[in-house]
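Okay, everyone, thanks for coming. Let me put the structure up, and then I'll talk you through a few parts of it.

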Amino acid sequence: MPISSRGYVLTEAGGKLEPYEFNRRDVGDVDMLVDIMYCGICHSDLLVASNELGNANYPLVPGHEIIGRVAEIGRDVTRYKVGDIVGIGCIVDSCRHCNSCESGDEHYCESGWTMSFNAKDKYDEYTCGGYSSNYVVDHRYAVRISPDLDAAKAAPLLCGGITVYAPLVRHEAGPDKSVGILGLGGLGHLAVKFAKAMGAHVTMLTSSSSKAQDAKVLGADNVIVTTDPDALSAATGSLDLIINTISEKHDPNPFLHMLKRDGVMSLVGAPAKPLELFAPALVFGDKSITGSMIAGIEMTQQMLDFCAKHGITAETEVIPIDYVNEAWERMKNKDVRYRFVIDLSTL
Ligand SMILES: [Zn+2]
Ligand SMILES: [Zn+2]
C-alpha cells in the first residue's frame, strides 16, 4: 500500500510553499517508514527551489535535515526497531558497489546518488523531502540519533553539521592545531563547536563585530573582526586550517595570509561566482585551497556519535510549518541565529 503523506510544496520558482498531499512508496523489505518530527531548513533548500542551479523539479517538497521516529520496518530490517529516533540527511540511495560507495563515500557514487528531495529515484519518481509528515527510506541510508540529543536541535547536523565536520576530520583538527572558522552562520557556528570539542584552538573570523560575543559563547578562543585590517595582519601565519563557510562571492586572499606554512583553506560554501585568487598567497608557504561536500553515511553516523558524546547540537529557532515562507524570507536576509527547524507536529 502506498503511504499517504502531507507536506508543503513549491510549484514554481519564486512561488510560495503551500500545503500538499501526496503518496510515498510502500515500505519494502529493506525500508523503514519514518514519522517526521523535525526538519531543518538548509540554504540548499532555497537554492534548489529557486532553480538558480537549473535542476529544480516541481512540484518540489524540500527538506533534507530530517529527524523522525521509526513507525514501521520492512521484514529485512534488523538494525532498527519501531520507536527508534533516526535521521535522514542528503543521501537516500546509491549503487552500493562502485569505488565511492565501497569507500563509504556514497555522495560520490559513480552511478549517481539519490538526494532526499528533488531527485529521480530508482522507482522513477522524484523524491519528496522532509517538509512533510513522513518518509520511506532504505534503512541503510538512515542514521541513528542518540536519545541524549535534543531531536529538534539535532536536525541541522544532518547536512550543516556533516558539511563542516568532514573537513575538520580530514585536515586533522585537534590539540596543537589552530583552526579558523570563516563566517558565523548555520555552518560556521557548528564548525566552532566541533573544532573546540576536537581540542583545537579556535579563531572565529567574522565581518560582524556584533557576533563576537556569540562566537565566544559558542566556544571560540579568539575572535577576529575581518573588517579590521590591523587585526588581520596581526594574525598573519597563525592558522593551520581555515574552514571557509562563506556562500557568496568574497575575497579569500586576506585569509590565505593568515595560514601557516602548509596551511589549508577548505571551502564548504559554494559561491556561484568565481573567487579571485592571488597566486603568491598560496605559493609562498606551500598552502592549499580545497573543497568539501558533506560525507557518506558512515562518517555522518560518526559525527552524530561525536555530537552525543560532546553534547553538540545546533542553535535553532523552531517554527511551525505555516511559518515556513517567512522563515525562507528571513534566511534570504540572514535573519536567523543560526538555523530554522520546522516542527512537523504542527502540520
Ligand atoms: Zn556507487
Ligand atoms: Zn543542506
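So, look at helix H4: its buried residues pack against strand S3, helix H5 (186-197), strand S13 (239-244), strand S14 (259-267), helix H10 and strand S17. Before I go on, keep in mind that this is a predicted model.

How many of H4's eleven residues are buried? Nine of them are, so you can think of H4 as mostly covered, and that follows from the cut-off of 20 or more other C-beta atoms within 10 Å. If you want to click on them, the buried ones are Gly160, Gly161, Ile162, Thr163, Val164, Tyr165, Ala166, Pro167 and Leu168. After H4 comes Glu172, and its phi is positive, near 60 degrees.

Now let's take one of those partners, H10. When two helices pack, people describe them by the angle between their axes and the distance between the axes. Here H4 (residues 160-170) and H10 (residues 297-310) have axes 10 Å apart, at an angle of about 95 degrees. That makes the two helices, H4 and H10, roughly perpendicular. Which residues meet there? From H4 you have Gly161, Ile162, Tyr165 and Ala166, and from H10 you have Met299, Thr300 and Met303. Sorted by type, the residues of this H4 and H10 contact are five nonpolar, two polar and no charged.

Okay, zooming out to domains. The domain assignment splits the chain into domain 1 (3-159 + 295-346) and domain 2 (161-291). Their C-alpha centres are 28 Å apart. Where they touch, 17 residues of domain 1 are in contact with 14 residues of domain 2. On the domain 1 side, H10 gives the most, with four residues. That side of domain 1 divides into ten nonpolar, four polar and three charged residues.

Next, the nonpolar core. The largest one has 103 residues, and those with the most contacts inside it are Ile181, Ala191, Ala195 and Ile243. Strand S3 (residues 31-40) supplies the largest share of this core, seven residues. And where does the core lie relative to the two domains? Domain 1 and domain 2 both give residues to it, so it lies between them. Let's pick Ala195 as an example: leaving out residues up to four places away in sequence, Ala195 touches Leu168, Ala173, Val179, Ile181, Ala200 and Val202.

Last stop, some backbone details in the loops. There's a cis peptide bond from Tyr58 to Pro59, with omega near 0 degrees. You'll find Pro59 in the loop between helix H1 (43-49) and strand S4 (66-73). Another cis peptide bond joins Arg337 and Tyr338, where omega is about -10 degrees. Tyr338 sits in the loop between helix H11 (324-332) and S17.

Lys334 is in the loop between H11 and S17 too. Its phi is near 55 degrees, a positive value in a residue other than glycine. Buried or exposed? Lys334 is exposed, with 9 other C-beta atoms within 10 Å.

Then there's Asp286, in the loop between helix H9 (280-283) and strand S15 (288-291). Asp286 isn't a glycine either, but its phi is positive, about 50 degrees. With 10 C-beta neighbours inside 10 Å, Asp286 counts as exposed, because the cut-off for that is 12 or fewer.

That's my tour, thanks for listening!

Conventions: Residues are numbered from 1 along each chain as its sequence is written. Chains are lettered from A and ligands numbered from 1 in the order in which they are written. This is a predicted model: local features need pLDDT of at least 70, side-chain atom pairs count only at pLDDT 80 or more; totals for chains, interfaces and linings use all residues. Axes are lines fitted to C-alpha atoms, for helices over the stretch in contact, and angles run from 0 to 180 degrees between N-to-C directions. Angles under 35 degrees count as roughly parallel, over 145 as roughly antiparallel, 65 to 115 as roughly perpendicular and the rest as oblique. Two residues are in contact if their C-beta atoms, placed from the backbone, lie within 7 Å. Ala, Val, Leu, Ile, Met, Phe, Trp, Tyr, Cys and Pro count as nonpolar, Asp, Glu, Lys and Arg as charged, and the others, Gly among them, as polar. A nonpolar core is a set of buried Ala, Val, Leu, Ile, Met, Phe, Trp, Tyr and Cys residues joined through C-beta atoms within 7 Å. Domain bounds come from an automatic or database domain assignment.
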